Amino acid sequence: MSRSWRLPAGPSPLIRSGSGAVSDLGAVARERGCRRALITSDPGIAAAGITGRARQSLESAGVVVEAFSDFGENPTESDVDRAAVAAGAMRADSLVGVGGGSSLDVAKGAGFLLAGGGRMENYRGYDKCPRPLPPLIGVPTTAGTGSEAQSYALISRDRDHQKLACGAPSAMFRDVILDPVLLPSAPAEVIAATGFDSIAHAVETAVTSGRTDESVALSHRAFALLSRAFPLVTASPASATAWEEMQLGAFLAGAAIERSMLGAAHACANPLTRRFDVAHGRALAITLPRVVRWNASSARDAYRDLLGAAGIPPGDDPADTLASRLDAWVAMAALPQDLAGESLHVRDLPALAEEASAEWTGRFNPRPFDAAGALAVYRSAVA
């Protein structure tokens, strides 16, 4: 039995949540007036049978469906171009993202192109689309990116793999289905990496210079849920409650990003992904604990409050307590603890630091962040 709800304040999709909620997808689409839907869903989700379940629900409700899966973990402008062409060819009036952040972002990206034409680079920033996007429905199958709660799509630029953050009010999913039954199908390494990504969202949004009372409340609630659930879902088997808490925590942390923004850990992680193909969650496992320690002088009280929300004693140094807890989760989940296993050298660090200092999330870090700060974080990660 699913239930419907929204966040009480600020922008929010209409949520259908509960075990088996994916079966409501067809009814949700028809309530929005959808008749022809393109599903964006990566090949792994299709192989797990989840795309088929989504299609069946939609078709049972009389919705004509096609599926698009020709994209990878970090979708590019060209991927989105192809998705938009596929949607146009079937005369889609709606887009349904089924999968992790890549599937959700491709749905949003195709929506931009259907509404306004051109290329994704035209929409970098916020509210640059001349018309509203078609109805978007999100069915996340990982507890990680939080894209289901945000009005932005993150798409890699073809020429240099720079992340383009493209936002619009109508780029927020109108409906999101949170079905925890879908989460355990992911491989263990994906569960660990995406789960740590959601933890990073909760930690960074709690201390940014742009935080508000509303965003902090979301960050704290998300961190409390994730700190309980992450150790359980990265072991096997986990209870249904743990998966529900993990999925809700990831959604709330994503909603906090919408209201707060991120910080230096993401700024340092993105160049590792772009230049050395380190998966995003794995890159954050390396950068987040170090950035927390680096931020200690500027965010000590905010870290104390975050730990308190999760019932974790802050100790004499809340930043070190939090970083040590993050280190423990990284080790437990078999995520990388430093850069030793990656294909980079000390000589690469200054260039990486320059790239990190140009990342837009770094502007919201509680401690002023520049190339020197990024270099200090990277150097601390070289074994």
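The exchange below concerns a cavity and a pocket in a predicted model.

Trainee: What makes the space lined by Thr141, Thr142, Ala143, Leu183, Ala186, Val190, Ile191, Thr194, Gly195, Trp243 and Met246 a cavity?

Mentor: A cavity is a set of points where a 1.4 Å probe fits but cannot get out, and those residues line the largest cavity, so the probe fits in that space and cannot get out of it. The structure holds one cavity of 30 Å³ or more, and the volume of the largest cavity is about 70 Å³.

Trainee: Which elements give two or more residues to that lining, and which gives the most?

Mentor: Helix H6 (188–205) and helix H8 (240–260) each give two or more, and H6 gives the most, with four residues.

Trainee: How do you know that Gly195 counts as polar in the lining of the largest cavity?

Mentor: Gly is placed among the polar residues by the classes used here, and Gly195 is one of the lining residues, so Gly195 falls in the polar class. The whole lining divides into seven nonpolar, four polar and no charged residues.

Trainee: Why is the space lined by Arg3, Trp5, Ser17, Gly18, Ser19, Leu178, Pro180, Glu244, Glu245, Gln247 and Leu248 called a pocket?

Mentor: A pocket is an open set of points with protein on both sides within 12 Å along at least five of seven lines, and these residues line the second largest pocket, so that space is open and meets this criterion. The second largest pocket has a volume of about 190 Å³.

Trainee: What makes three residues of its lining charged?

Mentor: Arg and Glu count as charged, and the lining includes Arg3, Glu244 and Glu245, so these belong to the charged class, beside four nonpolar and four polar residues.

Definitions and conventions: Residues are numbered from 1 along each chain as its sequence is written. This is a predicted model: local features need pLDDT of at least 70, side-chain atom pairs count only at pLDDT 80 or more; totals for chains, interfaces and linings use all residues. Side-chain values use heavy atoms; hydrogens and water are left out. On a 1 Å grid over the protein atoms alone, a cavity is a set of points where a 1.4 Å probe fits but cannot get out, and a pocket is an open set with protein on both sides within 12 Å along at least five of seven lines; lining residues have an atom within 4 Å of a point. Grid points are joined across faces, edges and corners, and a volume is the space filled by probe spheres set on the points.
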